[in-house]
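These are my notes from one sitting with a single model. I looked up sheets, strand pairing, charged pairs and a few individual residues, and I wrote down what I found as I went.

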Amino acid sequence: CCNLSDSFETNPSVDVSYTDGVTGIRQIQMLGLSGNYTQITTENIPEIRGLAGSYGLTFIPGPWIEGVQVTKGTGSVANGYESITGQINIEEKKPDTAEKLYINGYANNMSRLETTANWTHQLNDRWSTALLTHANGTFSKIDDNNDGFLDVPLGGQLNVINRWEYSNPSGIEAQFAIKALTDKRQAGQNDFNPSTEKLTTAHYGLGIAIQQYQLTSKVGYVFPQQKYKSIGLIFSALGYNNQSYYGLNQYNAKQGSLYTNLIYQSTIGSSVHKFRTGISLVSDHYNETFANANFQRQEFVPGTFFEYTFAPG
């Protein structure tokens with residue numbers, strides 16, 4: 001059941017807290033600092049960042065997760081420059097290792113319903129594919145403390161990933177993924193009716209509608225006679241759209257992001273001395289509107305990096 005935000009309950013390095021009691025948003029803290037200072041990647045691809053940072057932990061269902069790697073302090077420079085307090089990398093289930101068919105369902109007394117269906121198929125000796133689907137929702141109003149406000153936001157999420165993996169004995173490896181997500185929430189007073197009372201003073205209410213789409217690819221080559229030497233290219237394109245209202249105020253936001261990273265790794269003399277080097281490019285465009293004010297900005301960060309590791313024994 002659940003999602004990534006529920007996966008750190010017993011981790012001593014990562015604290016999870018509710019930052020907004022109305023919307024139910026959960027964020028993390030690492031080493032006592034806000035999650036904004038922690039770099040969160042999915043298979044070394046930046047995904048939960050920018051405008052999606054507030055909700056991103058709820059966008060990765062638990063049954064999709066193969067493993068979570070937590071690094072305290074600054075992370076590897078090969079994964080970007082945004083890691084300050086630490087780095088969290090999520091490994092999702094892959095076509096060549098995941099279950100051929102996995103279906104589960106979950107329900108609790110807070111009217112939360114979830115279902116997940118994962119399917120993988122080996123097309124031939126080189127290609128494999130996987131379809132990961134997840135849906136969840138809360139459909140009944142809960143107000144156990146009788147304060148007139150919903151304890152848990154209403155709404156639901158639909159989340160789909162189609163993955164492809166290619167493996168060639170000659171040393172060529174490739175992964176491709178298409179991700180699509182829609183998430184809608186409604187919160188506020190119990191008697192709030194969004195169809196007739198939206199943006200009015202009859203009852204306080206809020207609504208959040210998010211759509212996110214992403215295309216990722218990882219293509220690499222491992223030298224057959226020199227397994228320690230490889231070169232790889234990582235690419236990601238992401239589109240994020242948030243249309244929300246809070247009481248009498250409307251907030252609309254869009255984010256478009258491109259990320260590419262070319263990495264070469266090898267050794268110096270022996271496997272004791274390892275290094276990684278490459279070039280990267282991060283481009284983000286933000287367009288936000290709140291209370292009739294518009295905020296736009298463009299961030300374009302090209303870079304190069306070099307990392308040396310001394311690993312005796």
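**Phe 176 and the nonpolar patch**

I began with Phe 176, which is partly exposed at a relative accessible area of 32%. I keep in mind throughout that this is a predicted model. Phe 176 belongs to strand 12, which covers residues 172-188. I then asked which residues join Phe 176 in a nonpolar surface patch. The patch is made by Leu 123, Trp 127, Trp 164, Phe 176 and Val 219, and I noted its area as about 400 Å².

**Strand 12 and its two partners**

I followed strand 12 to the strands on either side of it in the sheet order. Strand 11 (residues 154-167) runs antiparallel to strand 12, and 14 bridges join the two. For one point of register I looked up Asn 162, whose bridge partner in strand 12 is Ile 178. The hairpin of strand 11 and strand 12 has 4 residues between the strands, and there I found Gly 171 with a positive phi near 120°.

Towards strand 13 (residues 205-222), strand 12 again pairs in the antiparallel sense, here over 17 bridges. In this pairing Ala 177 stands opposite Thr 216 of strand 13.

**The sheet of 10 strands**

Next I traced the sheet that holds these strands, and I recorded it as an open sheet of 10 strands in the order 8-9-10-11-12-13-14-15-16-17, with antiparallel pairing. Which strands stand at its edges? They are strand 8 and strand 17 (293-310), and because each has a single partner strand, one side of each is left without a neighbour in the sheet. I also noted the angle between neighbouring strands of this sheet, which are turned by 5° against each other on average when direction is ignored.

At the strand 8 end I checked the pairing with strand 9 (residues 112-122), which is antiparallel and extends over 7 bridges. Ala 107 has Leu 113 in strand 9 as its bridge partner.

**The sheet of 4 strands**

I then turned to another open sheet, in which 4 strands follow the order 5-4-7-6 with mixed pairing. Strand 5 and strand 6 are at the edges, each with a single partner strand, so one side of each has no neighbour in the sheet. Strand 6 and strand 7 pair in the antiparallel sense over 7 bridges, and within that pairing I found Val 68 with Ile 90 of strand 7 as its bridge partner.

**Charged pairs**

A search of the whole structure gave me 14 salt bridges. I looked at Arg 49 and Asp 284, whose closest N and O atoms are 2.9 Å apart in a salt bridge. This pair links distant parts of the chain, since Arg 49 is in the loop between strand 5 (45-46) and strand 6 (65-72), while Asp 284 is in strand 16 (residues 270-290), 235 residues apart. Are the two partners buried or exposed? Arg 49 is buried at 15% relative accessible area, and Asp 284 is likewise counted as buried, at 1%.

I next took the salt bridge between Lys 94 and Glu 66, with an N to O distance of 3.3 Å. Lys 94 lies in the loop between strand 7 (86-92) and strand 8 (101-107) and Glu 66 in strand 6, so the pair ties together parts that are 28 residues apart in sequence. Here the partners fall into separate classes: Lys 94 is buried at 13% relative accessibility, whereas Glu 66 is partly exposed at 43%.

In a further salt bridge, Arg 297 meets Glu 299 at 3.2 Å, N to O. Arg 297 is partly exposed at 39% relative accessibility, and so is Glu 299, at 31%. I also looked for salt bridges that share partners, and found that Glu 43, Glu 66, Glu 91, Lys 94 and Arg 163 are joined by them into one network.

**Glu 47**

My last entry concerns Glu 47, which I located in the loop between strand 5 and strand 6. Glu 47 is buried because its relative accessible area of 8% falls under the 20% cut-off. What does Glu 47 touch, not counting residues up to four places away in sequence? I listed Ile 40, Thr 42, Ala 52, Lys 179, Gln 212, Gln 214 and Leu 238.

Definitions and conventions: Residues numbered from 1 in each chain as written. Predicted model: local features only at pLDDT ≥ 70, side-chain atom pairs only at ≥ 80, totals over all residues. Heavy atoms only, no water. Salt bridge = Lys/Arg side-chain N within 4 Å of Asp/Glu carboxyl O. Buried < 20%, exposed > 50% of the residue type's maximum accessible area, 1.4 Å probe, protein only. Pairing = 2+ DSSP bridges. Axes fitted to C-alpha atoms, helices over the stretch in contact; angles between N-to-C directions. Contact = heavy atoms within 4.5 Å. Patch = residues over 30% accessible without salt bridge, like charges linked within 9 Å, V, L, I, M, F, W, Y side chains within 5 Å. Areas by Shrake-Rupley, 256 points an atom, 1.4 Å probe, with all protein chains shown as cover.
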